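Please read the following account with the sequence and the structure side by side. It moves from single residues to the packing of helices and then to enclosed space.

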Amino acid sequence: MKKHLIIALLVSGSLSTACVAQPAPTAGAPARPAAAAPRGSPLPPPTPAEHITGNVYKIFGGGGNTLVIVQDAGVVLVDTKMPDNGQAILDEVRKITDKPITTIINTHSHPDHIGSTDFIRAQFPNVRVISSEATKTEITANPQHNPAVVPNETYTGRMTIGEGADRIELYSFGRSHTAGDTFVVVPSARLLFMGDVMAWNMAPFLPAGGAMEIADVVEQLVATVKDVDIVVEGHGHVNDWAGLQRMAKFNRALVTNARAAYDRGDAPGTAVAELQRNPDFAVLLDTKIKPGLEYGNTPLARAHMNVNVAFQEFAGEPVGFGVANGQPLAQTDKHKGSNPADTAPPAAPQSGAAAQPHAH
Ligand SMILES: [Zn+2]
Ligand SMILES: [Zn+2]
């Protein structure tokens, strides 16, 4: 029932895009029962904040990762999960500090990253809510958007917040996972938050296409940002700079191999097979469902999806996902040749938890 509700919401546009987050417990932890999901969300509640480094913490669950940066004058949050998780976020912050929340940065327009901005704003009326201009445009383009999540400050290209130890740098290089994803750099922590351009250490979800653009953007990011060691992904993982460099090479190899296969008239699966020949990409082409990602695809299946997205784009076909990415891709299945088992959703989990579509 939950599955059908979410699909209906996605198809009807009640959620701003086909991008719903999923449970993101700490790696290795069992998925929580869906019955524990907070009102209005298909997801389990946030899990306790984890200390990453210095003054930076991360809260899993209830949507995308929420980054908590404790500064001199107050707290900066990056992303606010699905709606109705605001109190849980605040409760976790209060275990760390009594300082007010001064700033929210929303990496992109998807509901699993902006959903509880309204709650935080109600508690802290002077809070700065910052996103890229393109993200604000995407949010407000949805006629059913919640006005209380709309950013009150935007930027294009690059923005600096604060100074000294409290300095944060925002970068946006254009369309990638969405029209204007923001990358957040905390120089004092040598840390970069990726949003959903990198999540679960697998090929990025491309709900509106952009296989070539996301390869360009991640390369640009790697070439621009300096002095980062810790790379926090939009869902799930804390990775590192080498992991981001690997992802940049992988995204590029994926579109390069896809283009060559397309031009030869070969099937999409041949491009994936070429990726599999590079041992450095093995972790990005895993064939097992990851803990916390029981409702989604394997990394290998995501790579197949993205090669199919690239094929659609080469053919000039519209890319669109009628439902979230746990589902077969009707539009891309016509490019036969990938192993159908790799683009089908995984078998439903045995126990009580209802299968849910997800995004990343
Ligand atoms: Zn997300
Ligand atoms: Zn997203």
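Gln87 lies in helix 2, which covers residues 86-96. In this predicted model, the relative accessible area of Gln87 is 40%. Because the partly exposed class lies between the buried limit of 20% and the exposed limit of 50%, Gln87 counts as partly exposed. A second glutamine can be located from here: Gln123 follows Gln87 by 36 residues along the chain, and the C-alpha atoms of the two are separated by 9.7 Å.

Ahead of helix 2, the loop that connects strand 4 (75-78) to this helix contains Lys81. The backbone of Lys81 has a phi near 65°, a positive value in a residue that is not glycine. Is Lys81 buried or exposed? Its relative accessibility is 0%, and since buried means under 20%, Lys81 is classed as buried.

A positive phi, of about 60°, is also found at Asp227, again a residue that is not a glycine. Asp227 belongs to the loop between helix 6 and strand 12 (230-232). Its relative accessible area is 54%; because exposed means over 50%, Asp227 is assigned to the exposed class. The two loop residues may thus be set side by side: Lys81 is buried, whereas Asp227 is exposed.

The next topic is the packing of two helices. Helix 8 (residues 268-276) packs with helix 9 (residues 299-314) at an angle of about 130°, and their axes are 9 Å apart. Helix 8 is therefore oblique to helix 9, because an angle of this size falls outside the ranges for roughly parallel, roughly perpendicular and roughly antiparallel, the last of which begins over 145 degrees. The crossing of helix 8 with helix 9 is right-handed.

Enclosed space remains to be considered. Rolling a probe the size of a water molecule over the atoms reveals where empty space is left. How many cavities of 30 Å³ or more does the structure hold? There are three, and the volume of the largest is about 40 Å³. Which residues line the largest cavity? The lining consists of Pro204, Leu206, Ala211, Ile214, Ala215, Asn251, Leu254, Val255 and Asn306. At least two of the lining residues come from helix 6 (211-224), and at least two from helix 7 (241-264). By residue class, the lining of the largest cavity comprises seven nonpolar and two polar residues, with no charged residue.

Technical notes:
Residues numbered from 1 in each chain as written. Chains lettered and ligands numbered in written order. Predicted model: local features only at pLDDT ≥ 70, side-chain atom pairs only at ≥ 80, totals over all residues. Heavy atoms only, no water. 1 Å grid on protein atoms, 1.4 Å probe; cavity = no way out; pocket = protein on both sides within 12 Å on 5 of 7 lines; lining within 4 Å. Points joined across faces, edges and corners; volume = space filled by probe spheres on them. Helix = DSSP H or I, 4+ residues; strand = E, 2+ residues; numbered from the N terminus. Nonpolar A, V, L, I, M, F, W, Y, C, P; charged D, E, K, R; others polar. Buried < 20%, exposed > 50% of the residue type's maximum accessible area, 1.4 Å probe, protein only. Axes fitted to C-alpha atoms, helices over the stretch in contact; angles between N-to-C directions. Parallel < 35°, antiparallel > 145°, perpendicular 65-115°, else oblique. Left-handed = near helix turned anticlockwise from the far one by under 90°.
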